[in-house]
Amino acid sequence: MKRMTIRKARCSCGQLRVACRGEPAIVVLCHCRACQMRTGSPYGVAAFFARGAVVISGTYSDYDRPADSGFRVLHHFCPVCGSTVFWEPSRRPEMIAVAVGAFADPEFPAPQKAVFEQHRHPWVAVQLDR
Ligand SMILES: [Zn+2]
Ligand SMILES: [Zn+2]
């Protein structure tokens, strides 16, 4: 029997951890302003996993905001270091989104699509996996 890949994401200080089993359903790069402000970076990248494939450990605080799409997004971040590690998009209630940067793994699958290109910083060039 082939063993499923387990990838681990964590916050900056390491107390909040997310283990994800198998391949992400989709990886999306988002140029929207909310992702810019959430990450402190010019864009955010999210990996979506089925809820059953995700195990969360550690404590987290919540931040609920409406997405540009109008659907709410419930973000979870470490109360110690402030890193947002995962969130629950109400548009895809069966999914957990995990911040790809939190895996700190250059081998992590590349995004298949980019959204909110209208807010892309002009110097940002991304290579999609398609
Ligand atoms: Zn932390
Ligand atoms: Zn975004």
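Start at Ala19: it stands opposite Val55 in β5. The model on screen is predicted.

**Stop 1: the β2–β5 pairing**

Stay with this pair of strands. β2 and β5 run antiparallel and are joined by 4 bridges. Step one residue along and select Cys20, which stands opposite Val54 in β5.

Now show the side chains of β2. Which of them are buried? Val18 and Cys20 are, and they point to one face. Arg17, Ala19 and Arg21 point to the other face and are not buried. In a regular strand, side chains alternate between the two faces of the sheet.

**Stop 2: the β1–β2 hairpin**

Select β1 next. 5 bridges join β1 to β2, and the two strands run antiparallel. Pick Arg10 and look across: its bridge partner in β2 is Arg17. Then move to the turn. This hairpin has 6 residues between the strands. Gly14 takes a positive phi there, near 95°.

**Stop 3: the three-stranded sheet**

Colour β1, β2 and β5 together. These 3 strands form an open sheet in the order β1-β2-β5, with antiparallel pairing. Its edges are β1 (6–10) and β5 (54–57), each pairing on one side only. Direction ignored, neighbouring strands of this sheet are turned by 15° against each other on average.

**Stop 4: the seven-stranded sheet**

Switch to the other sheet. What is its strand order? It runs β6-β7-β8-β9-β4-β3-β10, an open sheet of 7 strands with mixed pairing. Select β6 (61–66) and β10 (113–115) to see the edge strands, each of which pairs on one side only. Neighbouring strands here are turned by 30° against each other on average, again with direction ignored.

Zoom in on β8 and β9. They pair in the antiparallel sense over 2 bridges. Select Trp87, which stands opposite Ala97 in β9.

**Stop 5: the nonpolar core**

Show the largest nonpolar core, which has 28 residues. Select the members with the most contacts inside it: Ala9, Ala46, Val85, Phe86, Ala97, Val98 and Ala99. Strands that each supply at least two core residues are β2 (17–21), β3 (26–30), β4 (44–50), β7 (72–77), β8 (84–89) and β9 (95–99). Which strand gives the most? β9 does, with 5 residues.

Centre on Phe86. Set aside its neighbours within four places in sequence, and its contacts are Val18, His76, Ile96, Ala97, Val98 and Ala99. Val18 takes you back to β2, where it is on the buried face. Ala97 is the residue opposite Trp87.

**Stop 6: the whole chain**

Zoom out and colour by secondary structure. The protein chain has 1 helix and 10 strands. From the N terminus, the elements run β-β-β-α-β-β-β-β-β-β-β. Look for the helix after the third strand in that order.

Turn the C-alpha trace along its principal axes: it spans about 45 × 35 × 25 Å. The radius of gyration is 14 Å, which agrees with the value near 14 Å for a compact globule of 130 residues.

Colour by burial next. Buried residues make up 28% of the 130 residues in the chain. Finish with a contact map. How much of it joins residues 24 or more positions apart? Such pairs account for 52% of the contacts with a separation of 6 or more.

How values were computed
Residues numbered from 1 in each chain as written. Chains lettered and ligands numbered in written order. Predicted model: local features only at pLDDT ≥ 70, side-chain atom pairs only at ≥ 80, totals over all residues. Core = buried A, V, L, I, M, F, W, Y, C linked by C-beta atoms within 7 Å. Buried ≥ 20, exposed ≤ 12 C-beta atoms within 10 Å, placed from the backbone. Contact = placed C-beta atoms within 7 Å. Pairing = 2+ DSSP bridges. Axes fitted to C-alpha atoms, helices over the stretch in contact; angles between N-to-C directions. Rg over C-alpha atoms; globule rule 2.2 N^0.38 Å.
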